[in-house]
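Trainee: Could you take me through one part of this protein up close? I'd like to look at the aromatic pairs, and then see what sits around them in the rest of the fold.

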Amino acid sequence: MAQMSVVADPHIDPNADPRAIAGEDSASQWRLIWGSFRRHRLAMTGAVVVIAFYLVALFTEFLAPFDPDAPSSRDVYHPPQMIHLFDTNADGSWAFRPHVNGMKLSRDRFTLKTTFSPDPDKKIYLTLFGDGTPYKMWGLIPMEKRLIAAVTPGERFYLLGADRLGRDMLSRIIAGTRVSMSIGLAGVAVSLLLGLVLGGVSGYYGGWVDTGVQRLIELKLSLPTIPIWLGLSAALPQDWAPLTRYFAITLILSLVGWTELARVVRGRFLALRTEDFVVAARLDGGSKARVIFRHMMPSMVSHIIASVSLAIPVMIIAETSLSFLGLGLLPPTISWGVLLKEAQNVRSIAQAPWLFAPGIAVCAAVLALNFLGDGLRDAADPYAQEGR
């Protein structure tokens, strides 16, 4: 058999870094994933929306125009007010002065029904980074500056209307963003931990360990999810503190939602444990933990991302549903589900349709998370990378 000879390129230094020899055409896996993700327009849009939601959750106190729990008896079911950017001066010229038109409260002398009508003699001028009600950022830093505030301290305005106690709906929706978005992350974090550990152990070791874990998963999957959520939530004591109930609801959502990820991880481990790179890592003397977390887990990035990205909106919808039914978070905790609970009354909806505004936030967050997860899954898929 003829032997092939390899001729070395005289222009390449044999001692040079291989990455430098490869040049700009080579890139890391994460750089390839980012390049593919940027071409997914819906995913990029979803990423921007998701980042915006979490920024709102992070800076809730600064972004909310008022204290979300501050009532006003004169502003019950106050309608939304539109921001006008320009105002007329005394000489008839236009000037940039953001404001909202004031509303006048009137009451029918026979039915005692209250109605709001525009007050042409009153304008509430707004400013960015103005002084408002004092608060503590993250419960630590005393502040008074708010993103949008009235020029005249003490004047109230309602960009998304008010609820049955005269509380500002925009401030309450912003405050609910922190709870609803964080409960999705916290719940998925616990589910991810359980799914990776139990699914990884089941797929890697096999045998009686795999049998035991799979029987546990099948037992859980045989039980209906919604009744379990309702039953466990209804069993929580009503007198628990809001923070305790928050963690309890998060734990309930996590314990119910970890099985799907565990089955995905277990299937991938069964397929990977006989691959050449895994066998080579074992023969090289790598510990079981190193083989699992250093070699097998990175090859499952796309599957983990797909499961996690789909689990977060499920958690958000589950918390919203439970709170809407009165079995999840309870007042004074503010979440999107708690806010939507006030929209159960037909009379309230007829009088104040803006109470449905938290539902728009739920739909936007869930859609954005699904678009983001779909783009991340496609970008991290190694088979898709080969076809590009």
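**A close look at the aromatic pairs**

Mentor: Sure, let's get our bearings before zooming in. The protein has 16 helices and four strands, and keep in mind that this is a predicted model. Of its 388 residues, 40% are buried. Contacts between residues 24 or more positions apart account for 64% of those with a separation of 6 or more. On the outside, the protein exposes about 22,300 Å², with carbon and sulfur atoms supplying 65% of that area.

Now to your aromatics. Searching the whole structure turns up six aromatic pairs. Take Phe-53 and Trp-336, for instance: their ring centres are 5.8 Å apart and their planes meet at 70 degrees, so this pair counts as edge-to-face. It also ties together distant parts of the chain, since Phe-53 belongs to helix H3 (residues 41-58) and Trp-336 to helix H13 (residues 336-341), with the two positions 283 residues apart. Is each ring's residue buried or exposed? Phe-53 has a relative accessible area of 15%, so it is buried, the cut-off being under 20%. Trp-336 is buried too, with a value of 0%.

Another edge-to-face pair is made by Tyr-246 and Phe-247, at 5.5 Å centre to centre and with 80 degrees between the planes. Tyr-246 comes out at 14% relative accessible area, so Tyr-246 is buried.

Stay in that stretch of sequence for a moment and look at Ser-233, which you'll find in helix H7 (residues 225-234). Ser-233 has a relative accessible area of 0%, so it is buried. Setting aside neighbours within four places in sequence, Ser-233 is in contact with Arg-245, Ile-249 and Ile-252, and also with Leu-322 and Leu-327.

Rings can have charged partners as well. Here the charged end of Arg-156 sits over the ring of Phe-66, 4.7 Å from the ring's centre.

While you're around that part of the sequence, have a look at Ala-64. You'll see it in the loop between helix H4 (60-63) and strand S1 (84-88). Ala-64 is buried, because its relative accessible area is 3%. Not counting residues up to four places away in sequence, Ala-64 touches Arg-146, Ser-171 and Ile-174. Ile-174 is 110 residues away along the chain, yet the C-alpha atoms of Ala-64 and Ile-174 are separated by 6.2 Å.

That loop leads us to S1, and from there to the sheet. The four strands form an open sheet in the order S1-S2-S3-S4, and the pairing is antiparallel. At the edges are S1 and strand S4 (141-150), each of which pairs on one side only. Ignoring direction, neighbouring strands of this sheet are turned by 60 degrees against each other on average.

Inside that order, strand S2 (residues 94-107) and strand S3 (residues 114-137) pair in the antiparallel sense over eight bridges. To find your place on screen, try Asn-101, which stands opposite Lys-123 in S3.

Back to your original request, then. If you want one place to start, pull up Phe-53 and Trp-336, whose pair links helix H3 with helix H13. After that, go to Tyr-246 and Phe-247 for another edge-to-face arrangement, and finish with Arg-156 over the ring of Phe-66.

Note on methods: Residues are numbered from 1 along each chain as its sequence is written. This is a predicted model: local features need pLDDT of at least 70, side-chain atom pairs count only at pLDDT 80 or more; totals for chains, interfaces and linings use all residues. Side-chain values use heavy atoms; hydrogens and water are left out. Buried means under 20% relative accessible area, exposed over 50%, partly exposed in between (1.4 Å probe, protein chains only). Contact means heavy atoms within 4.5 Å. Accessible areas come from the Shrake-Rupley method with a 1.4 Å probe; for residues, only the protein chains shown count as cover. Rings of Phe, Tyr and Trp (its six-membered ring) pair if their centres lie within 6.5 Å; planes under 30 degrees apart count as stacked, over 60 as edge-to-face and the rest as tilted. A charge sits over a ring if NZ of Lys or CZ of Arg is within 6 Å of the ring centre and within 35 degrees of the ring normal. Two strands pair if DSSP finds at least two bridges between them. Axes are lines fitted to C-alpha atoms, for helices over the stretch in contact, and angles run from 0 to 180 degrees between N-to-C directions.
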